[in-house]
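Colleague: I'd like to learn how to read features off a model like the one we're about to open. Could you take me through it piece by piece?

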Amino acid sequence: MAVVSDWSTSVVEVAGGIWSRASVTWGQGRDLGEGAWAQVREDLSADPYLLYFLLLAALLASFWVWHRLPNFATRDERWRVVDPIRPVGFFLQDFELRSIREGLTFWRSYGGTFYVYGLVLLPVLVVLLLLGQSPAIVDMATYSPTSLWNDWQAVPGWVWTATILPARLVNVGFAVGAVYVVYRIGTVVDGRATGRLAALLLTLTWGFLVLAHEAGEDVPGLFFFLLSVYFALEYVESGTRRTFYLACLGGGVATGFKFTMGVSALVVGVAYLSRARRVEGSWRETLVRPRLLAVGLLVGGVAVFLSYPQVLVGAFDRFGGRVERGVVGKGSAHSWVVASSWWWIARGWLNGLGLPLAFASVGGVLGTLAWIHESSRIGDLSRFAVVALGTFLAVYSQWGYVRTHHLLPAFALLVVLVAVGAGRLHDRRPAVARVLVVGLVVSTGAYAVAGDLGYATQGRDDAQSWIASHAGANATVETYVRDPQEAAIPHGVDVDNPIPPERMVTVRERCPDFVALHYHRSLAYLAPDDHGLRASDLSDPLASEYVADLFSGEYPYEVAATFGREPRYLDGLDRRPTWRGLLEAGLRPRTVQYGDPQDLGVYQYTVVFRRTGDCVDVVVSPDEPSSLPAGA
């Protein structure tokens, strides 16, 4: 009974201490929320530059944050926004409680974003109900992968804007929060100068800014991952159970957002060993603390498990399916390039950081070899970083492709290491350090700002605006991509989406006013089969001939406008060699970010054709209704 009593006391202490009595880190005698805000006020008061860094982070992360509205920025953004709406919409269909469970289990599980964006969208849903727009909520809830165009068009454009934009702004808030936590980590490790530089470098990290521009799981996950690192550092210093449990909680929540953040468990483990090494006493007294470890494991594990609301309704298979998809689905090749995992890692690293910061990060990693044996906070951070970065490399080296966003937590650790290295260099060679830091900040800033400006000049957005201004009230637009997120089509325009290719060639029957071709699918039919995996997958003589005939004037259409950077294969050029792709990835911030068709750069290329004459009369079978638009 005594053992049961001890465990019960521990659990109660964790629950109360984490949420209301955690005072060691954020200020003595204050609860967690009050102490956190007190720490923020103290930092803002003590460091006159911090406010400007946070404002800069907010500006860059939110620049042109309304891009693509009322469309989605990425596929991930669509499902993260729709996910928490499903149970509400399903319930509004028949007002039965079982419908809530059906809404939760209708599609894939996405983890902690359900709660974050659910809270964000709750006021929006209330307003929609008050305005009598419950059918729009139902339409959003029943959004299906098999009916993407119909479902997107069924919901009024202003409703999509009212749901997507607040979610993006909350994501920007998490981005600013992540910059502040990096500042705190740098400050506790090596002083405010290091904290300022680390915060500034993260603010100017292009891969970080890309992810801040969409409602997703990466930036919220990064925020909690960094909190876990911060509390782990504090635990090594203080040894208190509450900081250990807070580190476990932060890591569990981060992992609930994104499984790659699970490396935080290893960081906490290293913190535990570092604390045991620092305290005098026998190894049994310092290392063997089963209750601390068990409760910490319980806190982190429960946080991960409950991040998936499907678990709360007994759909445990959905959680298992998410784990399986995250582990098994990464081994296959993807997109245009079939290359080794190391090529993908190198490109994501160069692309996300930019060439100067990428090479500076190599110096930061090498510096850890000199600091890792120190019994100091820099030594603690070095051990955390070596374990985390080594784990990322070990895991990602087994994947068939690695996107830039997979490397985001590594970017945050690397900028802190760079800032620490700059501080150490300043102690020995202050003049050299100043020149190098200024050059690094200016070059990285130019890279990030150039990329950020790209949001105001996206090819698809420009094409969408052009069609909206040139299409009449009853105009029809034809396109051959399956997903409206991949297309430059204004919301509310009458859309034809004839797929597969044998339906594309019957364009005269439909006689649309405009035809929009996009890089990802329809234009890719013109790419030679050896141009890459994507081109090979799309190899179709009928589709290739049709697209070529559109350009040659075989159909009554002419090129009215083009938008974005033209792909090389349209000029008969081969794909650039892989080494040049790596170099360009660190010099051109608008190159591929995700490996999906929503990417900036050449992936935005769009060609709009306008009808120049009458369509040929088509004989329609009595058993087959005419698909001709009125007046054609």
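Colleague: Let's start with threonine 163. Which helix is threonine 163 in?

Modeller: Threonine 163 belongs to helix α10, which covers residues 157-190. Keep in mind as we go that this is a predicted model.

Colleague: And is threonine 163 buried or exposed?

Modeller: Here the idea is to look at relative accessible area, where buried means under 20%. Threonine 163 has 0% relative accessibility, so it counts as buried.

Colleague: What does the side chain of threonine 163 reach?

Modeller: The backbone oxygen of tryptophan 160, at 2.8 Å.

Colleague: Okay, on to charges. How should I think about salt bridges in general?

Modeller: Side chains of opposite charge can pair when their charged atoms come close. In this model, searching the whole structure turns up 20 salt bridges.

Colleague: Show me one. Which side chain meets arginine 75 in a salt bridge?

Modeller: That would be glutamate 486, with an N to O distance of 2.4 Å. Arginine 75 sits in helix α4 (residues 75-82) and glutamate 486 in the loop between β1 (476-479) and β2 (494-496), so this pair ties together parts 411 residues apart in sequence.

Colleague: How buried are those two partners?

Modeller: Arginine 75 is partly exposed, at a relative accessible area of 26%. Glutamate 486 is buried, at 4%.

Colleague: What about arginine 80: which glutamate does it meet in a salt bridge?

Modeller: Arginine 80 pairs with glutamate 217, 3.0 Å from N to O. This one links distant parts of the chain too: arginine 80 is in helix α4, while glutamate 217 is in the loop between α12 (206-212) and α13 (218-238), 137 residues away. Both arginine 80 and glutamate 217 are buried.

Colleague: Now a pair within one helix. Where do aspartate 380 and arginine 383 lie?

Modeller: In helix α22 (residues 377-396); they are three residues apart there, so about one helical turn separates them. Their side chains meet in a salt bridge at 2.6 Å, N to O. Aspartate 380 counts as buried at 1% relative accessibility, and arginine 383 counts as buried at 12%.

Colleague: Which residues are joined into one network by salt bridges that share partners?

Modeller: Asp76, Arg80, Glu217, Asp218 and Lys258. The arginine 80 and glutamate 217 side chains we just discussed meet in a salt bridge, and both residues are in that network.

Colleague: How do I read a buried charge that lacks a salt bridge?

Modeller: Check the nearest opposite charge, then look for polar contacts. Take arginine 86, in helix α5 (residues 86-94). Arginine 86 is buried but has no salt bridge, and the nearest side chain of opposite charge, aspartate 83, is 5.1 Å away. A salt bridge needs the nitrogen and the carboxyl oxygen within 4 Å, so that distance doesn't qualify. What arginine 86 does have is a polar side-chain atom 2.6 Å from the backbone oxygen of alanine 141.

Colleague: Next, disulfides. What's the basic idea?

Modeller: A disulfide is a covalent bond between the sulfur atoms of two cysteines. The count in this model comes to one disulfide. Cysteine 511 and cysteine 615 form it, with their sulfur atoms 1.9 Å apart.

Colleague: Which parts of the chain does the pair tie together?

Modeller: Cysteine 511 is in the loop between α27 (507-510) and β3 (514-518) and cysteine 615 is in the segment after β5 (606-611), so the parts tied together are 104 residues apart in sequence. The link is right-handed, with 90° about the S-S bond. Cysteine 511 is buried, at a relative accessible area of 2%, and cysteine 615 counts as buried at 14%.

Colleague: Last one, the surface. Which residues make the nonpolar patch?

Modeller: Tyr115, Leu298, Val302, Phe305, Leu306, Leu312 and Phe316 make a nonpolar surface patch of about 620 Å². Helix α17 (residues 290-306) gives the most to it, with four residues.

Colleague: Where is phenylalanine 305 in that picture?

Modeller: Phenylalanine 305 is in helix α17, and it is partly exposed, with a relative accessible area of 33%.

Methods: Residues numbered from 1 in each chain as written. Predicted model: local features only at pLDDT ≥ 70, side-chain atom pairs only at ≥ 80, totals over all residues. Heavy atoms only, no water. Patch = residues over 30% accessible without salt bridge, like charges linked within 9 Å, V, L, I, M, F, W, Y side chains within 5 Å. Areas by Shrake-Rupley, 256 points an atom, 1.4 Å probe, with all protein chains shown as cover. Helix = DSSP H or I, 4+ residues; strand = E, 2+ residues; numbered from the N terminus. Buried < 20%, exposed > 50% of the residue type's maximum accessible area, 1.4 Å probe, protein only. Disulfide = S-S within 2.5 Å. Lys, Arg positive; Asp, Glu negative; His and termini not counted. Polar contact = N/O pair within 3.5 Å; in protein donor to acceptor, adjacent residues only side chain to side chain.
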